[in-house]
Amino acid sequence: MGKKISLILDGFVRNNPTFVLVLGMCPTLATTTSAVNGLAMGLATLFVLVFSNMAISAIAPMVPDKVHIPVYIVVIATFVTVLQLLMQAFVPSVYATLGLFIPLIVVNCIVLGRAEAFANKNGVVASALDGIGVGLGFTVSLTVIGIVREILGSGSVFGWKFIAGDGILAFVMAPGAFLVLGYLMALFNKYLKK
Amino acid sequence: MDKFLVSPPPHAHSPRTTASLMRDVIIALLPATIVAVVFYGWSLVLVLAVSVASCVLLEWAICKWLMKRPFECPEAAVVTGLLLALSLPYTTPWWVVLIGAAFAIGVVKMTFGGLGQNVFNPASAARVFLLVSFPSYLTHWEMPQRLFGADAVTGPTVLSLANEGGTQALANLSQMGWHPLFAYVGGSAGEISVLALLVGFAYLLLRRVVKIWIPLSIFVTVAAVSAVFHAIDPVTYTGPIFNLLSGGLVLGACFMATDYVTSPMTSKGGVIFGFGIGLLVMMIRYFGAYPEGVSFAILLMNMAVPLIDRWCHQPKFGREE
């Protein structure tokens with residue numbers, strides 16, 4: 001039991017995809033303009049990560065080594081398509097905001113990275129837990145970046161405005177994404193990474 | 001710090017310290033500051049006070065609580081504060097100035113390691129940050145409400161006119177109160193008098209605080225580029241005199257581009273650095289979306305400084321390259 005919990009916790013701290021592995025930077029920088037967007041992007045990636053990890057760990061022994069990357073991509077693309085259709089059907093407004101970044105999960109380094117580094121060597125349950133851990137780590141990181149950028153850039157938290165007018169616009173734009181990511185990474189390394 | 005330093009000879013002593021150099025820069029900025037205060041009045045005094053005070057206090061606080069080391073050279077923070085205030089319109093609200101100062105010191109200077117370690121010029125980086133973050137305040141130019149007489153009137157800057165309508169829009173400049181060497185209608189506080197800036201810069205040159213190469217190379221490049229474009233199409237492109245004397249060019253070239261930390265170490269490097277800035281300024285003014293690009297150009301060339309320094313590296317004496 002302890003091992004299972006530590007598998008999940010690893011994704012938050014030791015293998016935190018954003019602040020330690022520095023993977024999936026494209027969605028991290030592009031979709032964290034607000035807390036809600038960051039959270040939605042994180043949850044979408046979590047969904048794909050858990051299912052692709054499980055599927056890949058199940059089929060890994062049967063996949064010939066030479067074609068394993070194309071096979072993994074096809075598996076991942078399947079779940080991304082499922083996710084895309086689900087989001088279009090049930091949360092069309094979120095889908096419209098995240099736009100291109102949902103199909104781009106197919107080539108997200110985190111998903112392929114966990115398939116390569118973990119899922120093809122471990123069992124289905126362990127891979128699912130790893131997917132949950134890393135996915136939640138990604139979700140929390142993106143939400144935190146989104147919260148900071150939303151507070152500074154728009155003067156609101158999860159859409160609730162606490163100041164009238166605009167915030168510091170640079171934080172809603174790309175430079176703000178880099179700045180916030182850099183400072184949070186520094187804080188993370190100082191206080192959490194052991 | 002140790003009381004006794006042991007180091008190999010030769011030992012050269014110089015009365016110059018970073019603090020004394022920065023004091024000279026402050027003195028050199030005084031003429032422009034005084035002219036601007038006379039022209040813009042108390043609202044500029046507020047901008048100056050907030051900017052300088054918050055730069056100094058913030059650096060002191062970061063040194064004391066975050067970096068746990070002595071606060072060296074408050075003069076450098078004063079220079080940053082002065083330059084930032086002079087590169088803003090005098091109507092900027094105090095809290096915007098405060099955010100700018102926090103960005104200049106907190107992000108651009110101290111995050112990179114403090115005095116002497118920053119990659120970008122803090123004042124121009126903060127100006128760009130504010131321009132991107134608060135475009136409405138940073139491009140809102142009011143005609144100076146002088147200490148005596150005249151109500152405030154909002155108007156475009158000469159550069160924004162030129163950006164929209166080419167030279168034809170500038171036909172009645174003199175009627176608008178524009179005079180190349182002294183005050184003109186709108187713009188950042190420090191741009192008010194080219195003459196006062198040049199007087200201050202002459203003082204720096206006489207005191208041998210800075211070398212002339214960087215500003216000279218910027219001015220020559222700007223003049224050459226605008227002369228060529230003006231000769232090709234005088235209607236669309238403004239001429240060299242106008243480009244040299246308008247906007248933040250003199251302030252940026254003489255005081256921001258010559259910042260020791262963020263400019264190349266050799267004179268040859270300085271010429272290349274200045275050429276890059278001059279070229280970028282003219283490209284932004286002629287073809288960019290913004291009417292003025294001095295601070296953007298300085299920041300872009302700041303990034304190239306390590307490369308320029310490597311290229312212009314002087315071999316140690318007695319060694320072959």
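The following exercises, each with a worked solution, concern a predicted model containing chains A and B.

**Exercise 1. Confidence**

Task: State the scores of the model and locate a stretch of chain B where pLDDT stays under 50.

Solution.
- Step 1. For the model as a whole, ipTM is 0.82 and pTM is 0.85.
- Step 2. The average pLDDT of chain B is 83, and 83% of its residues score at least 70.
- Step 3. The stretch sought is residues 145-154 of chain B, where pLDDT stays under 50. The model has 14 contacts beyond four places in sequence for these residues.

**Exercise 2. The fold of chain B**

Task: Determine how many helices and strands chain B has, and describe its burial and its contacts in terms of sequence separation.

Solution.
- Step 1. Chain B has 13 helices and 0 strands. Its pattern along the sequence is accordingly written α-α-α-α-α-α-α-α-α-α-α-α-α.
- Step 2. Chain B has 321 residues, of which 46% count as buried.
- Step 3. Take the contacts in chain B between residues at least 6 apart in sequence: 73% of them join residues at least 24 apart.

**Exercise 3. Helix 3 against helix 5 in chain B**

Task: Describe the crossing of helix 3 and helix 5 of chain B and identify the residues that meet.

Solution.
- Step 1. Two packed helices are described by the angle between their axes and the distance between the axes.
- Step 2. Helix 3 of chain B covers residues 74-86 and helix 5 of chain B covers residues 122-133; their axes come within 8 Å and cross at roughly 35 degrees. The crossing is right-handed.
- Step 3. Helix 3 of chain B contributes Thr80(B), Leu83(B) and Leu84(B), while helix 5 of chain B contributes Pro122(B), Ala123(B), Ala126(B) and Arg127(B).
- Step 4. Sorted by class, this contact comprises 5 nonpolar, 1 polar and 1 charged residues.

**Exercise 4. Helix 1 against helix 7 in chain A**

Task: Carry out the corresponding analysis for helix 1 and helix 7 of chain A.

Solution.
- Step 1. The axes of helix 1 (residues 2-12) of chain A and helix 7 of chain A come within 7 Å, with a crossing angle of roughly 30 degrees. Helix 1 of chain A passes helix 7 of chain A in a right-handed sense.
- Step 2. From helix 1 of chain A, the participants include Lys4(A), Leu7(A), Ile8(A) and Phe12(A); from helix 7 of chain A, they include Ala126(A), Leu129(A), Gly133(A) and Val140(A).
- Step 3. The residues of this contact divide into 10 nonpolar, 3 polar and 3 charged.

**Exercise 5. The contact between the chains and the nonpolar core**

Task: Establish which elements of chain B touch chain A and which residues have the most contacts inside the largest nonpolar core.

Solution.
- Step 1. The contact between the chains takes 5 residues from chain B and 5 residues from chain A.
- Step 2. On the side of chain B, helix 4 (94-110) and helix 5 are the elements giving two or more residues. Helix 5 of chain B supplies the largest share, 3 residues.
- Step 3. By class, this side of chain B has 4 nonpolar, 1 polar and no charged residues.
- Step 4. The largest nonpolar core has 128 residues, and those with the most contacts inside it are Val48(A), Ala85(B), Ala104(B), Ala126(B) and Ala189(B). Helix 3 (residues 35-59) of chain A gives the most to this core, with 12 residues.
- Step 5. Setting aside residues up to four places away in sequence, Ala189(B) touches several residues, among them Ala36(B), Tyr40(B), Leu44(B), Ala85(B) and Tyr90(B).

**Exercise 6. Loop residues**

Task: Decide whether Lys68(B), Arg208(B) and Asn120(A) are buried, partly exposed or exposed.

Solution.
- Step 1. Lys68(B) lies in the loop between helix 2 (42-67) and helix 3 of chain B, and its phi is positive, near 50 degrees. Lys68(B) has 7 other C-beta atoms within 10 Å, so it is exposed, the limit for that class being 12 or fewer.
- Step 2. Arg208(B), in the loop between helix 8 (194-206) and helix 9 (213-232) of chain B, has a positive phi of about 55 degrees although it is not a glycine. With 10 other C-beta atoms within 10 Å, Arg208(B) is therefore exposed.
- Step 3. Asn120(A) belongs to the loop between helix 6 (109-117) and helix 7 (124-154) of chain A. Asn120(A) is partly exposed because 19 other C-beta atoms lie within 10 Å, whereas burial requires 20 or more.
- Step 4. Asn120(A) and Asn53(A) are 67 residues apart in sequence, yet their C-alpha atoms are 8.2 Å apart.

Terms used
Residues are numbered from 1 along each chain as its sequence is written. Chains are lettered from A and ligands numbered from 1 in the order in which they are written. This is a predicted model: local features need pLDDT of at least 70, side-chain atom pairs count only at pLDDT 80 or more; totals for chains, interfaces and linings use all residues. Axes are lines fitted to C-alpha atoms, for helices over the stretch in contact, and angles run from 0 to 180 degrees between N-to-C directions. Helices (H or I, at least four residues) and strands (E, at least two) are DSSP runs, numbered from the N terminus. A crossing is left-handed if the near helix is turned anticlockwise from the far one by less than a right angle, and right-handed if clockwise. Two residues are in contact if their C-beta atoms, placed from the backbone, lie within 7 Å. Ala, Val, Leu, Ile, Met, Phe, Trp, Tyr, Cys and Pro count as nonpolar, Asp, Glu, Lys and Arg as charged, and the others, Gly among them, as polar. A nonpolar core is a set of buried Ala, Val, Leu, Ile, Met, Phe, Trp, Tyr and Cys residues joined through C-beta atoms within 7 Å. pLDDT is the predictor's confidence in each residue, from 0 to 100.
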